[in-house]
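Visitor: Hey, I'm new to this one. Could you walk me through it?

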Amino acid sequence: MKKIILFILMAIAMASPVFSERTRQHMKVHQAGGSGFLTEKDRNPIQLPIAVYFDSDTDILEVWCDNDNIQAEVFVYDENGTEEAYSSYMNVTLQLTSSSTHSILIKGDGWEGEGTF
């Protein structure tokens, strides 16, 4: 009886799907300009429908925005500060060449979003 239960549990464990490491990245969005620096407390955060996903298995970065009226540029920098990828529009899939730590900067009209992954 123990062998049957163990066999069933192993079959269930092996049948479970394997997912890649595609994770949503947190972006900090703030108003551009002004004093030139971001304070610790953002009293009026901007809420934009932007989603940034990074798949660590394939080094693919996806930047999506549900609102077609939002226009922005996407910059991706490696850990040395060198620009690794650029797009002049949102809703883009970028293939990164290295799997090191990256920074992303999304510049829109009067706002900026930044994050690391």
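What follows is a chat about strands, the core, aromatic rings and a couple of loop residues.

Visitor: Before we start, what kind of model is this?
Guide: This is a predicted model.

Visitor: Okay. How many strands form the open sheet, and in what order?
Guide: The open sheet has 5 strands, in the order β2-β9-β8-β5-β6. Their pairing is antiparallel.

Visitor: Which strands stand at the edges?
Guide: Those are β2 (28–31) and β6 (83–87). Each has a single partner strand, so one side of each is left without a neighbour in the sheet. From one strand to the next, the twist averages 15°.

Visitor: And what holds strands together in a sheet, generally?
Guide: Strands of a sheet pair through backbone hydrogen bonds, and the pairing can be parallel or antiparallel.

Visitor: Let's zoom in. How many bridges are there between β5 and β8?
Guide: Strand β5, residues 72–77, pairs with strand β8, residues 103–108, over 6 bridges in the antiparallel sense. For instance, tyrosine 77 has serine 103 in β8 as its bridge partner, and glutamate 73 has lysine 107 in β8.

Visitor: What about β8 and β9?
Guide: Strand β9 covers residues 111–116 and pairs with β8 over 5 bridges, again antiparallel. Isoleucine 106 stands opposite glycine 113 in β9.

Visitor: How many residues sit between the strands in that hairpin?
Guide: The hairpin of β8 and β9 has 2 residues between the strands. In that hairpin, glycine 110 takes a positive phi near 90°.

Visitor: Switching over: what does β3 pair with?
Guide: Strand β3 (residues 50–55) is joined to strand β4 (residues 60–65) by 6 bridges, and the two run antiparallel. Valine 52 stands opposite valine 63 in β4.

Visitor: Which other strand pairs with β4?
Guide: Strand β7, residues 92–95, pairs with β4 over 4 bridges in the antiparallel sense. Isoleucine 60 has glutamine 95 in β7 as its bridge partner.

Visitor: Now the inside. How many residues are in the largest nonpolar core?
Guide: There are 21 residues in the largest nonpolar core. Leu61, Val63, Val76, Ile104 and Ile106 have the most contacts inside it.

Visitor: Which strands supply at least two residues of this core?
Guide: Each of β3, β4, β5, β7 and β8 does.

Visitor: Take isoleucine 104. What is it in contact with?
Guide: Leaving aside neighbours within four places in sequence, isoleucine 104 is in contact with residues including Val52, Leu61 and Val63. The list also has Val74, Phe75 and Val76, along with Met27, Gly113, Glu114, Gly115 and Phe117.

Visitor: Let's talk rings. How many aromatic pairs does the structure hold?
Guide: The structure holds 3 aromatic pairs. In one of them, the ring centres of phenylalanine 75 and tyrosine 77 are 6.4 Å apart and the planes are at 10°, so the pair is stacked.

Visitor: And what about phenylalanine 75 and tyrosine 86?
Guide: The ring centres of phenylalanine 75 and tyrosine 86 are 5.0 Å apart and the planes are at 45°, so that pair is tilted. Phenylalanine 75 lies in strand β5 and tyrosine 86 in strand β6, so the pair ties together parts that are 11 residues apart in sequence.

Visitor: Which residues do ring pairs link into a cluster?
Guide: Phe75, Tyr77 and Tyr86 are linked that way.

Visitor: Is phenylalanine 75 buried or exposed, and what about the two tyrosines?
Guide: Phenylalanine 75 is buried, since its relative accessible area is 13% and buried means under 20%. Tyrosine 77 counts as partly exposed at 23% relative accessibility, and tyrosine 86 is partly exposed too, with a relative accessible area of 37%.

Visitor: Last topic: phi angles. What sign do they usually have?
Guide: Most residues other than glycine have a negative phi.

Visitor: So what is phi at aspartate 59?
Guide: Aspartate 59 has a positive phi near 55°, in a residue other than glycine. Aspartate 59 sits in the loop between β3 and β4, and that hairpin has 4 residues between the strands. Aspartate 59 is buried, with a relative accessible area of 14%.

Visitor: And asparagine 91, where is it found?
Guide: Asparagine 91 is in the loop between β6 and β7. Its phi is positive, about 50°, although asparagine 91 is not a glycine. At 30% relative accessibility, asparagine 91 counts as partly exposed.

Technical notes
Residues numbered from 1 in each chain as written. Predicted model: local features only at pLDDT ≥ 70, side-chain atom pairs only at ≥ 80, totals over all residues. Heavy atoms only, no water. Pairing = 2+ DSSP bridges. Axes fitted to C-alpha atoms, helices over the stretch in contact; angles between N-to-C directions. Core = buried A, V, L, I, M, F, W, Y, C linked by side-chain atoms within 4.5 Å. Buried < 20%, exposed > 50% of the residue type's maximum accessible area, 1.4 Å probe, protein only. Contact = heavy atoms within 4.5 Å. Phe/Tyr/Trp six-rings, centres within 6.5 Å; stacked < 30°, edge-to-face > 60°.
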